[in-house]
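Reader: Could you give me a close look at one salt bridge in this model, and then show me what surrounds it in the wider picture?

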Amino acid sequence: MSRGILLKDLLASRSHVAAPALVAQEVDRCVRCLACAHRCVIPEGNSGICRVRFNDNGVLRVPWGYVYGLNVDPIEKKPFYHVRPGSEALSFGMLGCDFHCSFCQNWVSSQALRDPKAIAYPTSITPEQLVSSAIESHVSLLISTYNEPLITSDWAVEIFKLANRRAIVCGYVSNGHATPELLEFLRPHAALYKIDLKCFDERRYTQLGGKLDAVLDTIRNAYSLGFWVEVVTLVVPDFNDDPEQLRRMADFIAGVSPSIPWHVTAFHPDYKTTRQARTPAHTLVDAHDIGRQAGLEYVYAGNLPGQVGSRENTICPNCSQVLIERCGFKVVSNLLCDGKCPICRQEIPGYW
């Protein structure tokens, strides 16, 4: 029996009936999944594009009761730069994704059940145990990440409900391929949403397994719903590093709000793109400057600590005072005072 079949059966045994808000009944015992923008109509006995949400006798069953990854990380690693700088977050992830990016840097967990080389096995855990782990780790932030959290939202919300009671702030690190139904389901329990904007080309988004318009709608909707939103673009040479694409991304984000932080981060060879060159520092510098020219107040060049000048820092948009100095995931200094610039008292948006 193959590893894929064994893992599929194991994950099926650790599943639960989907949250009512994330499923719609269709004819002939089919179900429509509302967790991501694919809106898969799943016949009985089949799974959705993600491979982990499946129809069992006319009932949508979803991932439950396990983690694959569970680690305490700097919040800057997510990256969230306007969320409690210098704090740590407990990060957890499951298995599966609704995309199949060739440059995925978490492919072992995200491509489980899709790629036979993605060998990953779950560890059983309850929501109570996970929240207890956060408390024991003395963290005030809990983030669903590593794989695509949209497709495991039913489980995440159960955890977030318990975490919220202990004053733990919760959030997603996601590809943003969401539905309005999912965002409405998540918002009462999560405050933070980091969204990947992978390119600004519909054809290239299709190659990754998603739809550009769905991600753009998620950025708009998440911001309107009051999530603290930060947007990340992994700048991949010969994929999305041309100035025109970067300019269109920056213009779009600025059109939603110039105060949304945009992270332009360096790619390193991984998964199916091991022969691709790393992103050079000058490309991130150019991307940063394009974002600033588009009117974005907070643009950050990431993954190349110490190589991009001051572009890792948070700078007051009013008086140009360096407010938060960073080197990689380390906060070197933080001069913010009650979320404001100490010099001119400009309010700096964020979740401080």
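Author: Asp-217 counts as partly exposed, at 38% relative accessibility (buried is under 20% relative accessible area, exposed over 50% and partly exposed in between, with a 1.4 Å probe and protein chains only). Its salt-bridge partner is Arg-220, with the closest N and O atoms 2.7 Å apart (a salt bridge needs a side-chain nitrogen of Lys or Arg within 4 Å of a carboxyl oxygen of Asp or Glu). Arg-220 is partly exposed too, at 35% relative accessibility. The two residues are three apart in helix H7 (residues 212–225), which separates them by about one helical turn. Helices (H or I, at least four residues) and strands (E, at least two) are DSSP runs, numbered from the N terminus.

A word on the ground rules: this is a predicted model, in which local features need pLDDT of at least 70 and side-chain atom pairs count only at pLDDT 80 or more, while totals for chains, interfaces and linings use all residues. Residues are numbered from 1 along each chain as its sequence is written, and side-chain values use heavy atoms, with hydrogens and water left out.

That pair belongs to a set of twelve salt bridges found in the whole structure. Another joins Asp-196 and Lys-198, at 3.7 Å from N to O. Here both partners are buried: Asp-196 has a relative accessible area of 17%, and Lys-198 has 14% relative accessibility. Farther along the list, Glu-44 and Arg-29 meet with their closest N and O atoms 3.0 Å apart. Glu-44 sits in the loop between strands S4 and S5 and Arg-29 in the loop between S2 and S3, so this bridge ties together parts that are 15 residues apart in sequence. Asp-73, Lys-77 and Lys-78 are linked in a network of salt bridges.

Now step from the charged pairs to the nonpolar interior. The largest nonpolar core has 88 residues, and Leu-197 is among those with the most contacts inside it (such a core is a set of buried Ala, Val, Leu, Ile, Met, Phe, Trp, Tyr and Cys residues joined through side-chain atoms within 4.5 Å). Helix H4 gives the most to this core, with seven residues. Beyond its neighbours within four places in sequence, Leu-197 is in contact with residues including Leu-212, Val-215 and Leu-216 (contact means heavy atoms within 4.5 Å).

Strand S13 (residues 192–196) leads to the parallel strands: four bridges join S13 to S12, with Val-173 standing opposite Lys-194. Strands count as paired if DSSP finds at least two bridges between them. On the S11 side, S12 pairs in the parallel sense over four bridges, where Ile-143 has Gly-171 as its bridge partner. Six of the six residues of S12 (residues 169–174) are buried, so this strand is largely enclosed by the rest of the structure. Both of its faces are covered, with Val-169, Gly-171 and Val-173 on one side and Cys-170, Tyr-172 and Ser-174 on the other.

The helices complete the picture. S11, H4 (residues 153–165) and S12 make a right-handed β-α-β unit, and S12, H5 (residues 180–186) and S13 make another right-handed one. Right-handed means that, with the strands pointing away from the viewer, the path from the first strand over the helix to the second runs clockwise.
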